[in-house]
Amino acid sequence: MDKKIEKAFNEHLNAEFYSSYLYLSMANYFAYHNLEGMAQWMRVQVEEERIHGMKFIDFINDRGGRVVLEQIDQPKTDWASPLDAFRDAYEHECHISKRINQLVDLAIKDNDHAANTFLQWFVSEQVEEEAAAQAIVGKLELVKDNSMGLLMIDQQLGTRTLAAPAAGAAE
Ligand code: OFO
């Protein structure tokens with residue numbers, strides 16, 4: 001595969017594993033504050049991000065490229081409130097969406113149809129990722145400092161489970 005794309009994909013897989021690490025940090029922040037439902041929601045997100053990173057690894061390997069794992073930055077460890085944490089999650093997803101769009105631009109410029117097709121899954125996924133985080137931010141803004149409302153949201157988020165991969169998907 002083209003060296004520029006190989007390098008950009010390697011950088012991006014690091015960003016996906018960083019996402020996983022960031023959400024694991026948030027999961028532990030929630031667990032510490034006895035918000036087990038939010039912790040569960042984040043733990044599912046941790047797995048999703050790991051799967052995203054693995055998809056990039058599989059693609060690079062399938063194209064005969066070389067995967068190079070680099071150091072993953074330390075994530076933030078504390079937040080002012082659950083709302084603050086989910087706002088960070090939303091902003092982080094917007095950042096990841098920008099990165100994906102830049103990869104698509106690169107694939108198009110390079111005429112790499114396989115890379116472009118591979119990335120389209122992520123383009124759609126990012127719409128869902130942003131929407132999911134934004135919906136939780138919206139709910140938390142509604143309840144503000146109401147503990148009962150917060151506990152209800154926590155309970156609802158605790159029902160999240162990892163969706164089974166579609167048949168034939170490389171997950
Ligand atoms: Fe991998 O989608 Fe979130 O970061």
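Let's begin in the interior of this predicted model. Its largest nonpolar core has 23 residues, and Met26, Phe30, Met38, Met42 and Phe86 touch the most other members. Five helices each supply at least two residues of this core: helix 1, helix 2, helix 3, helix 4 and helix 5. The biggest giver is helix 1, with six residues. Their positions are listed here.

| Helix | Residues |
|---|---|
| Helix 1 | 3-32 |
| Helix 2 | 36-62 |
| Helix 3 | 82-109 |
| Helix 4 | 113-143 |
| Helix 5 | 147-157 |

Take a closer look at methionine 26. Setting aside residues up to four places away in sequence, Met26 touches Met42, Trp79, Ala85, Asp88 and Ala89. Apart from the largest core lies another one, made of 21 residues, including Ile5, Ile96, Ala115 and Phe118.

Now for a charged residue. Is glutamate 6 buried or exposed? Glutamate 6, which lies in helix 1, is buried, because its relative accessible area is 10%, under the 20% cut-off. The side chain of glutamate 6 makes a polar contact of 3.1 Å with the side chain of lysine 3. Beyond its neighbours within four places in sequence, glutamate 6 is in contact with Met1, Gly65 and Arg66.

Finally, see how helix 2 and helix 5 meet. Their axes come within 7 Å and cross at roughly 35°, and the crossing is left-handed. On the helix 2 side are Glu36, Gly37, Met38 and Trp41, which meet Leu150, Ile153, Asp154 and Leu157 of helix 5. By class, this contact has five nonpolar, one polar and two charged residues. Met38 also appeared above, among the residues of the largest nonpolar core that touch the most other members.

Note on methods:
Residues numbered from 1 in each chain as written. Predicted model: local features only at pLDDT ≥ 70, side-chain atom pairs only at ≥ 80, totals over all residues. Heavy atoms only, no water. Core = buried A, V, L, I, M, F, W, Y, C linked by side-chain atoms within 4.5 Å. Buried < 20%, exposed > 50% of the residue type's maximum accessible area, 1.4 Å probe, protein only. Helix = DSSP H or I, 4+ residues; strand = E, 2+ residues; numbered from the N terminus. Contact = heavy atoms within 4.5 Å. Polar contact = N/O pair within 3.5 Å; in protein donor to acceptor, adjacent residues only side chain to side chain. Axes fitted to C-alpha atoms, helices over the stretch in contact; angles between N-to-C directions. Left-handed = near helix turned anticlockwise from the far one by under 90°. Nonpolar A, V, L, I, M, F, W, Y, C, P; charged D, E, K, R; others polar.
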